[in-house]
Amino acid sequence: MKIESITLHHISLPLVAPFETSFGRETERPCILVEMRAGGLTGWGECVAGAGPWYAYETIGTAWHIISEFLAPMVVGQEFTSPEALAERFSAVRGHAMARAAVEAAFWDLAARVRGVSLAHLIGATRERVAVGVSVGIEPTLDAQLASVARFVEAGYARVKLKIKPGWDVAMVRAVRERWPDLLLQVDANSAYTLADAPIFREFDEMNLLLIEQPLHHEDIVDHARLQAQLRTPICLDESIHSPDHARWALDIDACRVINIKAGRVGGLTAARQIHDLCAARGIPVWCGGMLETNVGRAANLALAALPNFTLPGDISASARYYHSDIATPDFVLNADSTISVPQEPGLGVVVLPERLRAVQVRQLTIGYSEVQNS
Ligand code: OSB
Ligand code: MG
């Protein structure tokens, strides 16, 4: 398939409710959508870089720069026989995983559409529905935090992830655990602690948590291994895993016993699947993380999470948890068994609505030739 053009759409969508983590509070989510044309078909990919360098160093601005100046020129006008071949073309690029993943994602959608199969089918997925949970942001008071969890439990989520930060951890999580003794519960610190805080994590060992996500520094695996040695609860790495090699290094030193896979963070679906396979071979469970995606990114996450070793519920909540009016349709809904159904239509299985895209568009740029010229 020869790639004819890439159009970047920078949009910004208001969140249904503010989302607070240890690195900040967000009310809007800016994102770049990659529209790729080849052989009369269109594929879409979502870039998960954020507004600022808080979760990761990449931002909307760096991703726009790297895709428009480097990645798009490397592939527009070129022929690729598979998404893996396109991923290989980007292997010379250091870092900028989210930028690479977004372009690769659009090509995966195209590759599935051209074959007339779902993206899930193309990547080798086996499930038609995937177990999901919800990532609950930090609230200003304990009452508000309990009310927020209650709303999601009532909505049908069987697994809850609580965001924690220093000063908002043991007591809050204990209160949630006391109110919901049987809830599948886990916490995510987004790198807000150091090894000196080990006593805090030992207290979590008494709260029957599925896992503790990224407690320490975003680049660290050594201190995570030291902390894991002191805990029964599995540590799950998110921010520290940027590639299949990082996953292997972390597992080799027992820095974690679970991995949160986000295609954007590891440089694409090809690398995400490699990490899945590595973890399966080593008996390490994985789950699919989320980055507050639109339905475009959510559809790709569902396809990935349908692979067999995604045995823990993913951060893939129903569309209504994120946006009032998504830029793609149909919306994803929660099934009664706390799962979401994996799209079975060709490609991603969602349709981008041009009028909704225009309504939230910040800027647009086309590289290559297409009917859609820069506006
Ligand atoms: O650490 O998993 C994270 C959102 C933005 C950045 C980082 C994270 C998150 C979430 C939200 O936890 C997951 C979701 O999309 O529901
Ligand atoms: Mg996380």
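**Notes on the predicted model: burial, metal site and domain contact**

1. With a relative accessibility of 0%, D109 counts as buried, because the cut-off for that class is under 20%. This is a predicted model, and the points that follow should be read with that in mind. D109 is placed in helix α3, which covers residues 97-115. Once residues up to four places away in sequence are set aside, D109 touches T42, G43 and W44, and also G347 and L348.

2. The domain assignment divides the protein into domain 1, made of 5-116 + 351-374, and domain 2, made of 121-341. The contact takes 38 residues from domain 1 and 40 residues from domain 2. The centres of the two domains, taken over C-alpha atoms, are separated by 23 Å.

3. The largest nonpolar core has 94 residues, and among these L162 and V173 touch the most other members. Helix α12 (residues 295-305) gives the most to this core, contributing 7 residues. Both domain 1 (5-116 + 351-374) and domain 2 (121-341) give residues to the core, so it lies between them. A second, separate core of 34 residues includes L8, V34, F90 and A99.

4. Helix α12 is itself mostly covered, since 11 of its 11 residues count as buried under the 20% cut-off. The buried residues of α12 include nonpolar ones such as V296, L302 and L304, but R298, N295 and N301 are buried in this helix too.

5. V350 deserves a look beside α12. V350 sits in the loop between β13 (339-341) and β14 (351-352), and at 4% relative accessibility V350 counts as buried. Leaving out residues up to four places away in sequence, V350 touches N295, V296 and A299, together with R113, A328, T329, P330 and F332. The first three of these contacts, N295, V296 and A299, belong to the buried residues of α12. V350 and A300 are 50 residues apart along the chain, and their C-alpha atoms are separated by 9.8 Å.

6. The magnesium ion (ligand 2) has as its protein donors D188 (OD), E213 (OE) and D238 (OD), which lie 2.1 to 2.3 Å from the ion. Along the chain, the donors follow the spacing D-x24-E-x24-D. D188 lies in strand β7 (residues 184-188) and E213 in strand β8 (residues 212-213), so this pair ties together parts that are 25 residues apart in sequence. D188 and E213 are both buried.

7. Which residues is L162 in contact with, once its neighbours within four places in sequence are left aside? The contacts of L162 are V136, Q145, V149, M172, V173, V176, L185, Q186, V187 and D188. L162 is thus in contact with D188, which is one of the donors of the magnesium ion, and with V173, which shares with L162 the highest number of contacts to other members of the largest nonpolar core.

8. In helix α6 (residues 170-179), the buried residues are V170, M172, V173, A175, V176 and R177. What covers these residues of α6 includes α5 (142-155), β6 (159-163), β7 and α7.

9. Helix α7 (residues 198-204) contains A198, which counts as buried at 5% relative accessibility. A198 touches L227 and Q230, not counting residues up to four places away in sequence. A198 and P215 are 17 residues apart in sequence, and the distance between their C-alpha atoms is 9.6 Å.

10. The structure holds 6 aromatic pairs. In one of them, F152 and Y157 are arranged edge-to-face, at 6.0 Å centre to centre and with 70 degrees between the planes, and both residues of this pair, F152 and Y157, are buried. The rings of Y193 and F201 have centres 5.0 Å apart and planes at 80 degrees, so this pair is also edge-to-face. Y193 and F201 are both buried, and ring pairs link Y193, F201 and F204 into a cluster.

11. Two arginines are placed over aromatic rings: R159 lies over the face of W287, at 5.2 Å from the ring centre, while the charged end of R321 sits over the ring of Y322, 5.5 Å from its centre.

How values were computed. Residues numbered from 1 in each chain as written. Chains lettered and ligands numbered in written order. Predicted model: local features only at pLDDT ≥ 70, side-chain atom pairs only at ≥ 80, totals over all residues. Heavy atoms only, no water. Donors = N, O, S within 2.8 Å, 3.2 Å for Na, K, Ca; no water. Helix = DSSP H or I, 4+ residues; strand = E, 2+ residues; numbered from the N terminus. Buried < 20%, exposed > 50% of the residue type's maximum accessible area, 1.4 Å probe, protein only. Core = buried A, V, L, I, M, F, W, Y, C linked by side-chain atoms within 4.5 Å. Domains from an automatic or database assignment. Contact = heavy atoms within 4.5 Å. Phe/Tyr/Trp six-rings, centres within 6.5 Å; stacked < 30°, edge-to-face > 60°. Lys NZ or Arg CZ within 6 Å of the ring centre and 35° of its normal.
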